[in-house]
Amino acid sequence: MDHVVYLDAKANELDALLSAQKTMIIRGATGRKLPYGRVNEGDTLYFINNNAEGIILAKAWVKSVFNSEKMTEAESIQLVNQQQAKLQLTKQQFERWAGKRYLVLIEVSGAKKVEPFQIDKSSYGNMDDWLPVEHIENVRV
């Protein structure tokens, strides 16, 4: 399965992944929302910055996935703290994700640049920061 993953441009998340300084991506919510339960080891992640340019710039493979059970705020904060060496979250990112009831931690490997290409997001009405696209060719322009 291929996924389009929006990265925090202000935090230079893409550069951190490409340099292997960052090896884990986090998503979280009050309920079980994407990508909870939808990402598996071996899936391919295609990275796009959240700055409205709409261009895939890099990709990586999913090494491991952890989908949390419902957690208290304290448990959630503790989990994020334990993974901070891999996550490399900024203060703003930490405040955004730590404390969520459900967290998805995705460890990635082999992050590398790709020849940049546009994608068609029109099939995804509810624009989120994670799009499970099945095959990247389905959305490549």
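**Figure 1. A close-up of Gln83 and the residues around it in this predicted model.** Let us start with a glutamine: beyond residues up to four places away in sequence, Gln83 touches Met24 and Leu105. Gln83 belongs to helix α2. With a relative accessible area of 19%, Gln83 counts as buried, because the cut-off for that word is under 20%.

**Figure 2. Helix α2, residues 73–87, and its bend.** Here we step back to view the whole helix. If its 15 residues formed a straight helix, they would span 21 Å at 1.5 Å a residue, yet the end C-alpha atoms of α2 span only 18 Å. Look for the kink of about 35°, which is centred on Asn81. Just after the helix comes Gln88, with a positive phi of about 50°.

**Figure 3. The buried residues of α2 and what they pack against.** Ser76, Leu79, Val80, Gln83 and Leu87 are the residues to pick out here, as they are buried. In an α-helix, residues three or four places apart point the same way, because there are 3.6 residues a turn. The partners of the buried α2 residues are β2 (24–29), β4, α3 (91–97) and β5.

**Figure 4. Lys22, in the loop between α1 and β2.** Is this lysine buried or exposed? Lys22 is buried, and its relative accessible area is 2%. The side chain of Lys22 makes a polar contact of 3.3 Å with the side chain of Glu13. Setting aside neighbours within four places in sequence, Lys22 is in contact with Glu13, Ala16 and Leu17, and also with Lys86, Leu87, Gln88 and Leu89. Two of these names will be familiar from the earlier views: Leu87 is among the buried residues of α2, and Gln88 has the positive phi just after that helix.

**Figure 5. The largest nonpolar core, with its 18 residues.** Which members touch the most other members? They are Val5, Ile25, Leu45, Phe47, Ile106, Val108 and Trp130. Two or more residues come from each of β1 (2–7), α1 (13–18), β3 (44–49), β4 (55–67) and β5 (102–118). Apart from this core lies another, of 12 residues, including Ile56, Phe117, Ile119 and Val133.

**Figure 6. Ile106 and its contacts.** We finish with one member of the largest nonpolar core. Neighbours within four places in sequence are left aside here, and the contacts of Ile106 are then Thr23, Met24, Ile25, Pro35, Val39, Leu45, Val62, Ser64, Val65 and Trp130. Met24 also appeared in the opening view, where Gln83 touches it.

Notes: Residues are numbered from 1 along each chain as its sequence is written. This is a predicted model: local features need pLDDT of at least 70, side-chain atom pairs count only at pLDDT 80 or more; totals for chains, interfaces and linings use all residues. Side-chain values use heavy atoms; hydrogens and water are left out. A nonpolar core is a set of buried Ala, Val, Leu, Ile, Met, Phe, Trp, Tyr and Cys residues joined through side-chain atoms within 4.5 Å. Buried means under 20% relative accessible area, exposed over 50%, partly exposed in between (1.4 Å probe, protein chains only). Helices (H or I, at least four residues) and strands (E, at least two) are DSSP runs, numbered from the N terminus. Contact means heavy atoms within 4.5 Å. The expected span of a helix is 1.5 Å times one less than its number of residues. The bend at a residue is the angle between axes fitted to the seven residues ending there and the seven starting there. A polar contact is a pair of N or O atoms within 3.5 Å; within protein, one must be able to donate a hydrogen and the other to accept it, and residues adjacent in sequence count only if both atoms are side-chain atoms.
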